[in-house]
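Me: Please take a close look at the largest cavity in this structure. Which residues line the largest cavity, and what part does helix α9 play in that lining?

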Amino acid sequence: MRTLARRRSRGAGPTALVAVLLGLLLLLAPAASAAGGLDDAAAALKQGQVYVDPAMTGRFSQSQADDLTEKIRKTGKPIFIAVVPDADPYGANTVLPDLRTKVGIVGTYGVWRGDQFRAGSDKAALPTGSAERIAGASARSHPGDIAATLNDFVDTAAPQVKGHGVNSTAGGVSTAAVVVPLALLALAGTGVLLLFRRSKKRKAERRRAELAQLRRVVDEDITAFGEELDRLDFNPGSPDADDVQRTDYAHALDSYERAKRSMDEAKGPEDVKPVTEALEDGRFALATLDARRERRPLPERRPPCFFDPRHGPSVQDADWAPAGGAARTVPVCRADADRLATGQDPEIRTVPTEHGPQPYWNAGPAYGPWAGGYFGGYGGGLLPGLLVGTMLGSMMSSPAYGADLGSDGSAYEGGDFSGGDFDSGDFGGGFDGGGGGGDFGGGGDFGGGF
């Protein structure tokens with residue numbers, strides 16, 4: 001007996017949980033019927049596209065309303081149906097435009113009022129007069145039968161109505177209709193989170209690998225600059241050293257220390273750019289110091305040598321074409337300018353890759369920040385222009401065309417929210433809230449006289 005009791009106890013847990021969930025879902029699910037009135041009707045239509053006034057549930061049951069709601073939902077069209085009594089606040093001449101105004105969604109509206117059925121539509125959802133003619137045909141086919149008339153109207157109108165419906169579980173919503181989407185949403189969310197984490201992990205691993213690849217090259221750059229400082233025959237305390245020379249020298253030393261510190265703090269390839277910026281700045285300071293000491297004109301601030309930034313600031317521009325590429329004008333140092341002038345190849349900086357040593361411009365996108373630090377301070381278009389046709393140049397090129405954020409030129413359709421700001425002349429056949437052909441009474445009886 002105790003075993004049986006334990007089995008019952010274990011089985012009662014999930015059952016009780018399902019029961020609680022069912023109770024909550026039933027409490028939360030909106031119903032096709034509400035307390036009554038235009039506001040309740042509009043609220044129900046915005047949620048489930050079908051509304052039945054409590055006074056009419058004896059003629060159009062909740063189960064019939066649920067079936068009609070499901071049918072409209074499956075069509076995915078902006079069709080709205082209300083079943084209301086022939087009484088206030090549903091004015092004969094105003095109920096259709098009133099509901100359209102309060103619901104505020106472009107679509108096709110049908111209202112069974114008392115013993116009559118009328119319909120109206122925005123032109124964007126259904127051509128003028130079509131809703132009225134479909135309503136008349138449906139009513140004449142099923143005299144006095146609300147359910148048959150409304151289902152016939154939806155079946156006939158749905159293929160012609162343009163636009164999209166509203167997302168809702170109005171009426172007799174099933175547990176599966178709510179639980180399954182929620183479960184799928186939870187699974188999708190979990191999947192997205194896992195994919196995000198995996199992508200983030202892969203990105204971090206790729207950044208670490210690229211930084212490790214760059215570190216060897218950047219360390220060579222820093223070491224080369226440090227050796228230039230060591231070879232410099234300059235004593236700041238020498239009698240022939242003046243303040244401006246000492247300032248240039250201090251600037252070069254500061255740049256060296258800044259480059260080392262930035263590299264020590266680098267966490268990814270993008271952090272290399274400040275390193276090469278500091279090295280470029282320091283080499284120009286050394287070039288300026290050298291000119292002051294030799295009493296030569298101060299050098300022009302120019303980009304470093306394109307072929308190898310370790311060569312120092314360029315002294316002129318020269319035409320050059322990479323193997324298989326188009327010719328372009330590049331900044332070159334004096335030594336490479338002389339080599340090009342005599343038909344020799346320049347001394348090109350190569351870096352290690354999985355395919356062996358390659359010129360830095362063919363070594364992959366990780367070298368973008370490295371090159372950007374050296375050349376980026378001389379105009380945003382300089383480096384892409386220098387590297388056009390190379391792997392690095394293709395990566396750094398920006399799109400030539402911007403996105404058009406305006407209208408796509410497609411035809412406007414129904415199903416969009418418009419509130420009360422709609423053209424009453426475009427709603428049905430003269431739905432102006434008066435006694436025209438689209439209102440209740442005065443324009444022909446229901447089911448005929450359209």
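Reply: A helix is here a DSSP run of H or I with at least four residues, and helices are numbered from the N terminus. The model is a predicted one, and every value below is computed from it.

The structure holds 2 cavities of 30 Å³ or more, and the largest of them has about 40 Å³ of space. Its lining is made up of L279, E280, R283, R302, P303, P304, P309, G312, P313 and Y374. Sorted by class, these lining residues comprise 6 nonpolar, 1 polar and 3 charged. Helix α9, which spans residues 273–293, gives the most to this lining, with 3 residues.

One of the lining residues, E280, has its place in helix α9 and merits separate attention. Because buried means under 20% relative accessible area, E280, at 10% relative accessibility, counts as buried. The side chain of E280 is joined to that of Y378 by a polar contact of 2.5 Å. When neighbours within four places in sequence are left aside, E280 is in contact with R301, R302, P304, G373, Y374 and Y378; R302, P304 and Y374 also appear in the lining of the largest cavity, so that the surroundings of this glutamate and the wall of the cavity are described in part by shared names.

Technical notes
Residues are numbered from 1 along each chain as its sequence is written. This is a predicted model: local features need pLDDT of at least 70, side-chain atom pairs count only at pLDDT 80 or more; totals for chains, interfaces and linings use all residues. Side-chain values use heavy atoms; hydrogens and water are left out. On a 1 Å grid over the protein atoms alone, a cavity is a set of points where a 1.4 Å probe fits but cannot get out, and a pocket is an open set with protein on both sides within 12 Å along at least five of seven lines; lining residues have an atom within 4 Å of a point. Grid points are joined across faces, edges and corners, and a volume is the space filled by probe spheres set on the points. Helices (H or I, at least four residues) and strands (E, at least two) are DSSP runs, numbered from the N terminus. Ala, Val, Leu, Ile, Met, Phe, Trp, Tyr, Cys and Pro count as nonpolar, Asp, Glu, Lys and Arg as charged, and the others, Gly among them, as polar. Buried means under 20% relative accessible area, exposed over 50%, partly exposed in between (1.4 Å probe, protein chains only). A polar contact is a pair of N or O atoms within 3.5 Å; within protein, one must be able to donate a hydrogen and the other to accept it, and residues adjacent in sequence count only if both atoms are side-chain atoms. Contact means heavy atoms within 4.5 Å.
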